[in-house]
Amino acid sequence: MAITKILCMSEGKAGNPSVYLDNSLAYIQNQDKTNECLLVGGINCQPETAFEQMMETKALFGKRDKRQGYHIIIALPKGEGTPDQVYEIGKRFCEEYLKGEYEAVFAVHTDKNHLHCHIVWNSVNMVTGKKYNSPKGEWKHHIQPITNKLCEEFGLSIMPAEYSKNPVNMSKLEWEEEQRLKDVIMRDA
């Protein structure tokens, strides 16, 4: 099942306050992990100059300290999806979730036994100048449901219903039992 994780990049302790943002952007664009950067894209910025553009936005609004950016990882199970599908999921996730108001870079990594997409975006909204806020419940009510919707469109597996925005009336234990029964039926067949 596709899972989405979100991480906050805080201010660096010494020297460059945006060191974690800079390092994250470099990491996700690693040529060895992204088919020579063919699987890298940008929203409201060019991936090659994203860090500089994000720093200009921070300077414009006087918000160079504290939270520097956010990093989302959308990971698919082993053997699911194609690099092109995951690229499209990453791009569309950025468009839907960030609503065109943040600079973001997304990249599909193919170096592990499962495909996954990294998304790094600026903490400062380039339209309003406000910092992104991740309220309680954001993952359950907004982030994972977008991933589920996009994965469903491509015929990929999703998180169990109890973790999505509109859950089916089924507890985790009931869902796990249903999965065990499906396994028994498949083995018997």
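Me: A polar contact is a pair of N or O atoms within 3.5 Å; within protein, one must be able to donate a hydrogen and the other to accept it, and residues adjacent in sequence count only if both atoms are side-chain atoms. With which side chain does that of Glu103 make a polar contact of 2.5 Å?

Reply: This is a predicted model, in which local features need pLDDT of at least 70, side-chain atom pairs count only at pLDDT 80 or more, and totals for chains, interfaces and linings use all residues. Residues are numbered from 1 along each chain as its sequence is written, and side-chain values use heavy atoms, without hydrogens or water. Glu103 has a polar contact of 2.9 Å with the side chain of Asn122. At 2.5 Å, its partner is the side chain of Thr57.

Me: How far from Glu103 is the nearest side chain of opposite charge?

Reply: Glu103 lies in the loop between helix H3 (83–98) and strand E4 (104–109), both DSSP runs (helices H or I, at least four residues; strands E, at least two) numbered from the N terminus. Glu103 is buried (under 20% relative accessible area, 1.4 Å probe, protein chains only). It has no salt bridge (Lys or Arg side-chain nitrogen within 4 Å of an Asp or Glu carboxyl oxygen). Lys and Arg count as positive, Asp and Glu as negative, His and chain ends not at all; the nearest opposite charge, Lys58, lies at 7.4 Å.

Me: Within what arc do the buried residues of H2 fall?

Reply: In helix H2 (residues 50–60), Ala50, Phe51, Met54, Met55, Thr57 and Lys58 are buried. They line one face of the helix, because the directions from the helix axis to their C-beta atoms fall within an arc of 155 degrees.

Key: Buried < 20%, exposed > 50% of the residue type's maximum accessible area, 1.4 Å probe, protein only.
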